[in-house]
Amino acid sequence: MTIIHRLIATCFFMLTFACLVAQVTPDTIKIKRSFTSEWINMPIEVIGDAEGSTDGKGDFTRYGSNKHLRLDATGFFYVKKIDDRWWLIDPDGYAGINMAVTSVGKNDVLNDYSIIVKNGFNGIGNFILDENQTDSVYNKQNEIQLSYTRRLNFFLSYQKIRKDYYKTPTEIQKSLNHIYVLDPEFERYCYELARNKVLPYASERNLLGWFTDNEINFNQDQLVNLIKDLPEGDPSRNAALDFAKTKGLTESDCVNNTARVTEKIKEEFATFLAEHYFRIVSSAIRKYDKNHLTLGSRLNGRPRAIQSVVNASHKYMDVTSVNFYDKLSPDEEIALQSWTNDHPCLVGELYTKDINAFDVPQSGTGFYVNSQADRGKFYQNTCIQLLRNKCFIGWHYFRFIDNTDSNKGIVNTQKQEYTDMTKYMRELNYNVYRICK
């Protein structure tokens with residue numbers, strides 16, 4: 001598509017949607033941070049009076065993209081900034097927002113996907129039990145095409161075999177508080193893993209991209225932990241010591257975590273680890289797959305709050321993925337312009353739980369609300385704030401089906417849909433392009 005054609009398409013899009021903007025209105029829900037904490041009133045934004053409206057359904061292409069905004073078709077997904085908003089461009093060349101559901105099982109696939117599609121979702125996210133089922137079972141039988149993702153556990157799988165190469169104390173072999181990405185063997189391992197796991201799928205049309213691990217702890221504990229807990233001569237320990245020396249620190253400072261090991265230095269080392277990790281895994285994927293997006297490591301918790309760690313993901317990943325639970329609203333952190341830093345981003349997980357679903361505390365870190373309808377309203381508020389940022393190309397709801405001890409799903413363990421919640425999801429999803437301004 002030429003520049004002139006793009007301009008015409010963009011102008012048509014803007015004119016078409018000038019009178020098709022969904023009305024966003026204020027509301028309030030009650031929410032709890034834990035099962036025993038006090039209820040608080042949370043101001044939110046929703047779309048008018050939710051009745052599960054699908055008015056915007058006619059705006060969708062077969063990939064759930066915006067039929068009014070088309071660019072170059074490459075046969076694969078890519079990201080593109082148009083005016084001041086980042087978009088996900090589908091294999092047919094249409095710009096859209098990726099709205100996916102995670103944790104789909106491998107039984108009753110067509111039934112489960114029909115529930116997902118009916119509610120306006122256009123993709124399948126992480127933790128799918130059979131990563132081939134979206135294409136081989138669903139997409140081949142339906143005009144509607146669902147995107148899907150794959151995850152490569154570069155560090156988490158290397159961690160399991162690290163002891164085969166370097167002496168690693170038994171008590172920390174499974175620790176997530178020791179990130180060994182500075183090992184020379186880690187880089188070799190990443191390229192071997194990519195050759196085996198990436199290359200076979202490099203030409204898949206409906207594959208959105210690759211997640212690289214899950215919630216890696218690029219946090220302030222790493223500098224002290226690697227030096228204190230690894231044996232002398234260990235390559236990660238040596239690299240951490242070399243870094244410490246550039247900051248004027250001694251081995252004793254680090255082992256004893258003295259005041260000289262400042263928070264700033266700890267964050268700088270966390271960033272040093274993140275930069276090293278993202279550079280290596282990006283390069284490994286790109287060696288064997290130049291078609292699909294690199295989606296990052298699903299930042300969460302303390303690493304997500306270190307802006308330089310976030311920026312390291314922005315630097316090397318096509319899209320920065322983030323899991324979002326411990327803040328009430330994206331506007332408190334990830335929807336800040338300073339956080340996204342004009343880079344495409346994707347929420348890999350979000351959910352809330354209805355406190356009335358169980359009589360005891362439920363598993364998981366998501367907040368409690370007081371009804372299924374409020375779960376749906378929380379979803380709407382979160383998505384509206386993400387869209388307002390203009391860097392978020394989508395979000396993945398965690399998860400399709402409830403856990404046996406927690407109300408996280410859009411259906412219960414008997415596959416019964418929580419319609420009081422999903423009517424709000426459906427309304428937001430089908431009107432998403434009427435919210436984008």
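Colleague: How many cavities of 30 Å³ or more does a search of the whole structure find?

Modeller: The search turns up 2 of them. Keep in mind that this is a predicted model. The general idea is friendly enough: rolling a probe the size of a water molecule over the atoms shows where empty space is left.

Colleague: What volume does the largest cavity have, and which residues line it?

Modeller: The largest cavity holds about 60 Å³ of space. Its lining includes Tyr63, Gly64, Ser65, Phe77 and Leu88. Further along the chain, Asp90, Gly96, Ile97, Asn98, Asn122 and Ser147 also take part in that lining. By residue class, the lining of the largest cavity has 4 nonpolar, 6 polar and 1 charged.

Colleague: And what about the second largest cavity: what is its volume, and what lines it?

Modeller: Its volume is about 40 Å³. Phe324, Tyr325, Lys327, Leu350, Tyr351, Gly366, Phe367 and Phe378 form the lining. Here the split is 6 nonpolar, 1 polar and 1 charged.

Colleague: Let's turn to strands. How do I read the pairing in a sheet?

Modeller: Strands of a sheet pair through backbone hydrogen bonds, either parallel or antiparallel. In this model, one open sheet has 3 strands in the order E3-E4-E5, and the pairing is antiparallel. Strand E3 (78-82) and strand E5 (95-96) are the edges, each pairing on one side only.

Colleague: Over how many bridges do E4 and E5 pair?

Modeller: Strand E4 (residues 85-89) and E5 pair over 2 bridges, in the antiparallel sense. To find the register on screen, look for isoleucine 89, whose bridge partner in E5 is alanine 95.

Colleague: Which strands are joined to E1 by bridges?

Modeller: Strand E1 (residues 24-32) is joined to strand E2 (residues 40-47) by 8 bridges, and the two run antiparallel. E1 is also joined to strand E14 (residues 367-369), again antiparallel, by 2 bridges. Isoleucine 31 is a handy residue to follow: its bridge partner in E2 is isoleucine 40, and its bridge partner in E14 is valine 369.

Colleague: Now a helix. Is H6 mostly covered or mostly open?

Modeller: First, the general idea: an α-helix has 3.6 residues a turn, so residues three or four places apart point the same way. Helix H6 (residues 222-229) is mostly covered, with 6 of its 8 residues buried. Those buried residues are Gln222, Leu223, Val224, Asn225, Leu226 and Ile227.

Colleague: Which helices do the buried residues of H6 pack against?

Modeller: They pack against helix H7 (235-246), helix H8 (251-255) and helix H9 (263-288).

Methods
Residues are numbered from 1 along each chain as its sequence is written. This is a predicted model: local features need pLDDT of at least 70, side-chain atom pairs count only at pLDDT 80 or more; totals for chains, interfaces and linings use all residues. Side-chain values use heavy atoms; hydrogens and water are left out. Buried means under 20% relative accessible area, exposed over 50%, partly exposed in between (1.4 Å probe, protein chains only). Helices (H or I, at least four residues) and strands (E, at least two) are DSSP runs, numbered from the N terminus. Contact means heavy atoms within 4.5 Å. Two strands pair if DSSP finds at least two bridges between them. On a 1 Å grid over the protein atoms alone, a cavity is a set of points where a 1.4 Å probe fits but cannot get out, and a pocket is an open set with protein on both sides within 12 Å along at least five of seven lines; lining residues have an atom within 4 Å of a point. Grid points are joined across faces, edges and corners, and a volume is the space filled by probe spheres set on the points. Ala, Val, Leu, Ile, Met, Phe, Trp, Tyr, Cys and Pro count as nonpolar, Asp, Glu, Lys and Arg as charged, and the others, Gly among them, as polar.
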